[in-house]
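Visitor: I'm new to looking at helices and patches. Could you walk me through this one and explain the terms as we go?

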Amino acid sequence: NMKQFIASIFPPTIFKKRAQYAALAVGFWTIIIMLAQLFRFEKFPKTLEPLGIGDGAIAAIAIVLLEFISLPFLLSMPRLSRIERRISGACTLLAPGVWLVISAAVLMSGGQGKISLFGAVAALPGVVSLLLAGVWLAAIVYLTAKLWRLDLK
């Protein structure tokens, strides 16, 4: 039954703490970004080429994996071992951190390059991407501190 399946994904406390509500929102934001990147994935690596990291395919795969692995932590999934939760939490911080670095790199190269936070779906001006990644990272840092303190059994 669908209700039991959904209940099994999330811990019973999911809607008791504001931090978990916020983390859920950030989780959905991450899913939207990931889906946008995967939507036209064949074009996504090319958008990373201006960074001078080769063809961008490995970077594109790594970025999507980071975002994906961050989801169990953000969605407060139960039955994660301590190490799984730590890894997922680290990826939660790394994903926006990578975008912050990419945005800064494009801006510092003086290029008016567009940054493809949303993959090939929509390219953003560097400053917009930098701000979005900065806000995303700040929210994650704040939430991670709160979520670590929650006992998610």
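Visitor: At what angle do the axes of α4 and α5 cross?

Guide: Keep in mind that this is a predicted model. In it, the axes of α4 and α5 cross at roughly 135 degrees and come within 7 Å.

Visitor: What makes α4 oblique to α5?

Guide: The crossing is roughly 135 degrees. Angles over 145 count as roughly antiparallel and 65 to 115 as roughly perpendicular, with the rest oblique. That value falls in neither range, so α4 is oblique to α5.

Visitor: Which residues of α4 and α5 make the contact?

Guide: On the α4 side they include Ile63, Leu66, Pro72 and Phe73, and on the α5 side Gly89, Cys91, Trp99 and Ile102 are among them. What counts here is heavy atoms within 4.5 Å. As for handedness, the crossing of α4 and α5 is left-handed.

Visitor: Why are α2 and α4 called roughly antiparallel?

Guide: Helix α2, residues 18-39, packs against α4 at an angle of about 155 degrees, with the axes 9 Å apart. The cut-off for roughly antiparallel is over 145, so α2 and α4 get that label. The crossing there is left-handed. Among the residues in contact are Ala23, Thr30 and Met34 of α2, along with Val64, Phe68 and Leu71 of α4.

Visitor: And how do you know that α5 and α6 are roughly antiparallel?

Guide: Try it the same way! The axes of α5 and helix α6, which covers residues 126-149, cross at roughly 160 degrees and come within 8 Å. Anything over 145 counts as roughly antiparallel, so the name fits α5 and α6. Their crossing is left-handed.

Visitor: Which residues form the nonpolar patch on the surface?

Guide: Ile61, Leu65, Phe68, Ile69, Ile83 and Ile87 form it, with about 560 Å² of accessible area together.

Visitor: What makes a group of residues a patch?

Guide: Each member needs over 30% relative accessible area and no salt bridge, and nonpolar side chains are joined within 5 Å. Ile61, Leu65, Phe68, Ile69, Ile83 and Ile87 form such a patch, so they pass that test.

Visitor: Which helix gives the most to the nonpolar patch?

Guide: That's α4, with four residues. Phe68 lies in α4, while α4 (57-74) and α5 (82-108) each supply at least two residues of the patch.

How values were computed. Residues numbered from 1 in each chain as written. Predicted model: local features only at pLDDT ≥ 70, side-chain atom pairs only at ≥ 80, totals over all residues. Heavy atoms only, no water. Patch = residues over 30% accessible without salt bridge, like charges linked within 9 Å, V, L, I, M, F, W, Y side chains within 5 Å. Areas by Shrake-Rupley, 256 points an atom, 1.4 Å probe, with all protein chains shown as cover. Salt bridge = Lys/Arg side-chain N within 4 Å of Asp/Glu carboxyl O. Axes fitted to C-alpha atoms, helices over the stretch in contact; angles between N-to-C directions. Parallel < 35°, antiparallel > 145°, perpendicular 65-115°, else oblique. Left-handed = near helix turned anticlockwise from the far one by under 90°.
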